[in-house]
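Colleague: I would like a close look at a single part of this model. Please take me through one helix slowly, and then through whatever connects to that story.

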Amino acid sequence: MTSLNLENRFNQKLKEILGQQYPKDIIIAVSGGIDSMALLFLSFKFCQNTNINLIALTIDHKIREESYQESRFVAQICQKNNIDHYTLENNSFIPKSNIESNLREIRYDLIANFAKKKNVTNILLAHHQQDVAENFLIRLFRGSGIDGLSAMDQISSFKGLNLIRSLLDFTKEELKNYLIKINIKYIEDPTNEDQKFLRNKIRKFLNDFE
C-alpha cells in the first residue's frame, strides 16, 4: 500500500470521527515511537488541509535516563516541520506497584490539564490494531467479565475531553512502512522488551503467534 492510500484511509476515518464541523485545535500525544510518529504526520497533513492547528505533546516521566533525549527528539522533528510542540514533565511520585497503570493515569491527567488551559477538547491517541488485541488479552488475564472485554472505543470521554483513536483499523506494520516511505525516524522504547510488564508479555505472545 502506498503512503497516499494510507493517508486517504486515515483522512476518511478522522473525518468520520470529527463530523462536519472541524475543531480549531487538536492535541496529539507523541512519544516518538512508531505508532505516535505515524499518527503525528498523518494528522499533520490532515490538519494542514483542514486549517486545524495541531499541538503535539510529549510526556517526560523522568524515570528513565533516555526520556529527556526522547522528548528532545520529538521536539526537534516538530520544530523542523513547524508543528507546535510541548514537553510536559511528570513530577508525581511513582508507586513501585501497578507502574503501567499509574503512569497512564498521570499521563492522561497531564494532557487533560494542558488541554483545559488551551481550551482544546479533542485529543488524538496512537492506539492501533495490536493495542486492541493486547487490551483484550490483558483484561482476560485479569478476570474481566463480558463487559470488561469489550473492544477499545474510537472515541471515549475523559474529564470532558474526547480521546480519539483514529488508528484502530491500522496495523503497526502499516504504520512502520509509512514512516519508512516518508523518511521519518522513530524511537524504539527499550521498556517494550521488559518482561516484568504484563503488556510486554502479551505483546511477545501476539508477535510469536501473529
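Modeller: What follows starts with helix 4 and then turns to salt bridges, another pair of helices and one loop residue. Keep in mind that this is a predicted model.

Start with the length of helix 4. The helix covers residues 99-118, which makes 20 residues. From its first C-alpha to its last, helix 4 reaches 29 Å. At 1.5 Å a residue, 28 Å is expected, and the model comes close to that.

Now look at which side chains are hidden. The buried residues of helix 4 are L103, I106, Y108, I111, A112, F114 and A115. What lies over them? The cover includes six strands. These are strand 1 (25-29), strand 2 (53-60), strand 3 (84-89), strand 4 (122-128), strand 5 (155-158) and strand 6 (161-167). Find them in the picture, and then trace back to the helix.

The end of the helix deserves a glance too. Just after helix 4 comes N119. Its phi is positive, at about 60 degrees.

Next, a charged residue of the same helix. D109 forms a salt bridge with K159, and the closest N and O atoms are 2.7 Å apart. D109 lies in helix 4, while K159 sits in the loop between strand 5 and strand 6, so the pair ties together parts that are 50 residues apart in sequence. How open are the two partners? D109 is partly exposed, with a relative accessible area of 21%. Buried means under 20%, so D109 does not join the buried list. K159 is also partly exposed, at 44%.

That bridge leads to the wider set. The structure holds nine salt bridges. One of them joins the side chains of R9 and E174, at 2.7 Å from N to O. This pair links distant parts of the chain: R9 belongs to helix 1 and E174 to helix 6 (residues 172-181), 165 residues apart. R9 is partly exposed, with a relative accessible area of 28%.

Another salt bridge joins the side chains of R64 and E70, with 2.7 Å from N to O. Here the two partners fall into separate classes. R64 is partly exposed at 21%, whereas E70 counts as buried at 12%. There is a network as well: salt bridges link K13, E16 and D169.

R9 brought us to helix 1, so follow that helix to its neighbour. Helix 1 (residues 3-18) and helix 2 (residues 34-50) have axes that come within 10 Å. The axes cross at roughly 70 degrees. The two helices are therefore roughly perpendicular to each other. Which residues meet there? From helix 1 come L6, E7, F10, N11, L14, K15 and L18. From helix 2 come L39, L42, S43, K45 and F46. By class, this contact has seven nonpolar, two polar and three charged residues.

Finish with one loop residue. Q154 is in the loop between helix 5 (129-141) and strand 5. Its relative accessible area is 30%, which makes Q154 partly exposed. Leaving aside residues up to four places away in sequence, Q154 touches K13, I17, L163, I164, R165 and L168. K13 is familiar from the salt-bridge network. Q154 and S166 are twelve residues apart along the chain, and their C-alpha atoms are separated by 6.4 Å.

Conventions
Residues are numbered from 1 along each chain as its sequence is written. This is a predicted model: local features need pLDDT of at least 70, side-chain atom pairs count only at pLDDT 80 or more; totals for chains, interfaces and linings use all residues. Side-chain values use heavy atoms; hydrogens and water are left out. Axes are lines fitted to C-alpha atoms, for helices over the stretch in contact, and angles run from 0 to 180 degrees between N-to-C directions. Helices (H or I, at least four residues) and strands (E, at least two) are DSSP runs, numbered from the N terminus. Angles under 35 degrees count as roughly parallel, over 145 as roughly antiparallel, 65 to 115 as roughly perpendicular and the rest as oblique. Contact means heavy atoms within 4.5 Å. Ala, Val, Leu, Ile, Met, Phe, Trp, Tyr, Cys and Pro count as nonpolar, Asp, Glu, Lys and Arg as charged, and the others, Gly among them, as polar. The expected span of a helix is 1.5 Å times one less than its number of residues. Buried means under 20% relative accessible area, exposed over 50%, partly exposed in between (1.4 Å probe, protein chains only). A salt bridge is a side-chain nitrogen of Lys or Arg within 4 Å of a carboxyl oxygen of Asp or Glu.
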